[in-house]
Amino acid sequence: LTPASVVLDGGRPYGDIFFLHGFATDGGLDALVLGSKPSPKKTRRLETVLDAAALAMLVPIAAEVTASTGGLIAAVILALCAIGAGEVPVFPYFRWLPLLIAVWALLAYAGSRESGVGGRRRILAVGATTPTPALLYVAAIASSLGILWSLDVGICAVAASAIVILIYTRRVTLIALAAIAAPLIVLLVAHADLHHFFRDSFVIIPRAIDAIWSLPAKLLPSLALLIHPVQLWEWLASEAARYYLPPVFFGLLLALAVRKRDMRIAIVAIFSIILFRTAAGRCSWSHTRFGIPLFGIAMVAFLVEPLCRDWLRRQRSAWRAVALVVFAILGFRYFEVALNATLGWKFIAGWRARQRHEGMVPYPMPRGRGIYTYAENASDLAALRDLAQQAGPGPFFDLSGERALYYLLDRRPATRCPDIAMLSTPELSAEALQQLAAHPPVLVVLEGMKVFGSLDGIANRNRIPSIASWIDANYPVHVKAGRYLVGFRN
């Protein structure tokens with residue numbers, strides 16, 4: 001919301017505001033729909049539609065790799081469970097769209113090549129089966145535009161698409177030119193600052209992101225866990241299990257692709273291995289699930305379905321029966337099938353009640369129109385709004401970590417980068433100090449909601465000590481407004 005607000009106010013993308021997750025994700029999409037009467041409800045609706053589109057992309061992808069209708073249905077369901085689609089009402093699935101489009105295009109290209117030489121028959125065959133280079137262009141352009149859509153996903157998509165396309169052909173000059181031109185055209189149309197775009201996206205963020213956001217997984221348990229069913233059952237539901245098992249499976253999948261010379265398996269494995277890099281730096285619920293959109297599909301298409309197919313062909317050996325039973329039991333636990341079904345149904349059943357907003361009140365700012373919050377939060381925001389109005393016009397600086405305050409108070413941030421965690425990088429910290437000294441903010445929000453006051457146990461002040469010292473020296477007057485502590489120069 002804050003970058004979108006700056007852009008709508010005439011700010012230059014990247015030049016006047018910093019984008020961490022990508023131009024579209026961090027404000028470009030919001031700027032398209034906020035309009036003259038901004039409301040977060042508009043952006044939420046847009047992201048809901050895009051989230052649905054991203055999850056819907058799992059269907060054609062599964063159709064390209066599964067061999068039966070039952071396998072297609074099972075693959076999509078398991079993929080949804082793997083990413084916890086039923087466990088949370090809001091999650092940025094839309095950030096996957098460029099990568100999922102690239103995966104589908106390359107799988108369709110691989111499928112058309114196989115069909116053209118008498119290979120497997122696809123479940124959903126659309127149009128001619130002759131392989132067309134247009135699908136390679138679709139994959140390359142979708143991936144490169146993904147850098148603007150969602151930076152980390154786009155970089156992963158570009159790397160994976162480049163590997164796959166180079167396997168198919170060495171005539172990549174025109175494909176590469178198209179992929180390079182697409183995002184540059186968007187940036188030029190948006191009047192973005194190209195210098196800051198390249199510096200932020202490919203130098204500052206990649207160099208700093210692990211140091212800021214890394215959160216290691218717990219150590220692997222010993223092999224003795226395999227003979228303790230209760231402990232194994234508990235471990236399968238842990239984030240450590242979701243951190244360690246997917247890359248092992250993807251590695252085995254890549255080996256299987258080489259042995260069988262199957263490009264469908266190779267495409268899924270290559271994209272999955274590279275995309276898991278987004279989760280590899282931080283072992284947390286959202287990151288481990290964000291890195292495995294293709295996990296459930298691959299599990300069904302390349303493991304479960306072949307085992308079932310062999311079973312149905314009367315190759316009913318004991319080990320196949322044991323493997324299927326073991327996978328069904330452990331997979332039910334690992335993929336949280338019951339939890340996804342229970343919570344998913346709960347969210348669906350409670351949808352109508354949530355529209356009544358019982359026990360909630362409207363946001364006290366004009367820019368909060370259409371959304372609701374708790375009375376205590378509304379009271380705190382109203383107190384901050386009144387205090388900010390007394391301070392007069394001008395930008396402010398938020399040290400509390402509540403970045404939405406810039407949008408809600410309809411004021412620009414005093415620094416190009418309003419993200420406290422990223423301000424801990426030397427380049428952005430030095431830049432911020434210069435901007436603060438040149439144009440001092442009219443006020444500084446020192447404290448707010450406690451949960452945003454620190455990241456992984458490190459307080460915001462301790463992440464940016466030089467900026468915090470400058471604030472202490474120049475904003476000695478502190479005023480309380482609800483939960484907020486606000487600093488003034490005098």
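Hi everyone, this is a short tour of some aromatic contacts and one pocket in this structure. Please keep in mind that we are looking at a predicted model.

Let's start with the rings. Searching the whole structure turns up 24 aromatic pairs. Take Y14 and F197 as an example: their ring centres are 5.2 Å apart and their planes meet at 75°, and since anything over 60 degrees counts as edge-to-face, that is what we call this pair. Where do Y14 and F197 sit in the chain? Y14 is in the loop between α1 (2-8) and α2 (24-34), while F197 belongs to helix α10 (residues 194-213). The two are 183 residues apart, so this pair links distant parts of the chain.

Are these two residues buried or exposed? Buried means under 20% relative accessible area, so Y14, at 1%, counts as buried, and so does F197, at 4%. They also have company: Y14 and F197 form one aromatic cluster together with F19, F23, F198 and F202.

Next, charges over rings. R242 lies over the face of Y334, 5.3 Å from the ring centre. With R489, the charged end sits over the ring of Y475, at 5.6 Å from its centre.

Finally, the second largest pocket, which holds about 880 Å³ of space. Its lining has 31 residues, and L245, F249, L252, M299 and L303 lie nearest the centre. Which helix gives the most to that lining? That would be α12, with 8 residues. Helices α11 (229-235), α12 (239-260), α16 (295-312) and α17 (318-334) each supply at least two. By class, the lining has 27 nonpolar, 2 polar and 2 charged residues. Thanks for listening!

Definitions and conventions: Residues are numbered from 1 along each chain as its sequence is written. This is a predicted model: local features need pLDDT of at least 70, side-chain atom pairs count only at pLDDT 80 or more; totals for chains, interfaces and linings use all residues. Side-chain values use heavy atoms; hydrogens and water are left out. Rings of Phe, Tyr and Trp (its six-membered ring) pair if their centres lie within 6.5 Å; planes under 30 degrees apart count as stacked, over 60 as edge-to-face and the rest as tilted. Helices (H or I, at least four residues) and strands (E, at least two) are DSSP runs, numbered from the N terminus. Buried means under 20% relative accessible area, exposed over 50%, partly exposed in between (1.4 Å probe, protein chains only). A charge sits over a ring if NZ of Lys or CZ of Arg is within 6 Å of the ring centre and within 35 degrees of the ring normal. On a 1 Å grid over the protein atoms alone, a cavity is a set of points where a 1.4 Å probe fits but cannot get out, and a pocket is an open set with protein on both sides within 12 Å along at least five of seven lines; lining residues have an atom within 4 Å of a point. Grid points are joined across faces, edges and corners, and a volume is the space filled by probe spheres set on the points. Ala, Val, Leu, Ile, Met, Phe, Trp, Tyr, Cys and Pro count as nonpolar, Asp, Glu, Lys and Arg as charged, and the others, Gly among them, as polar.
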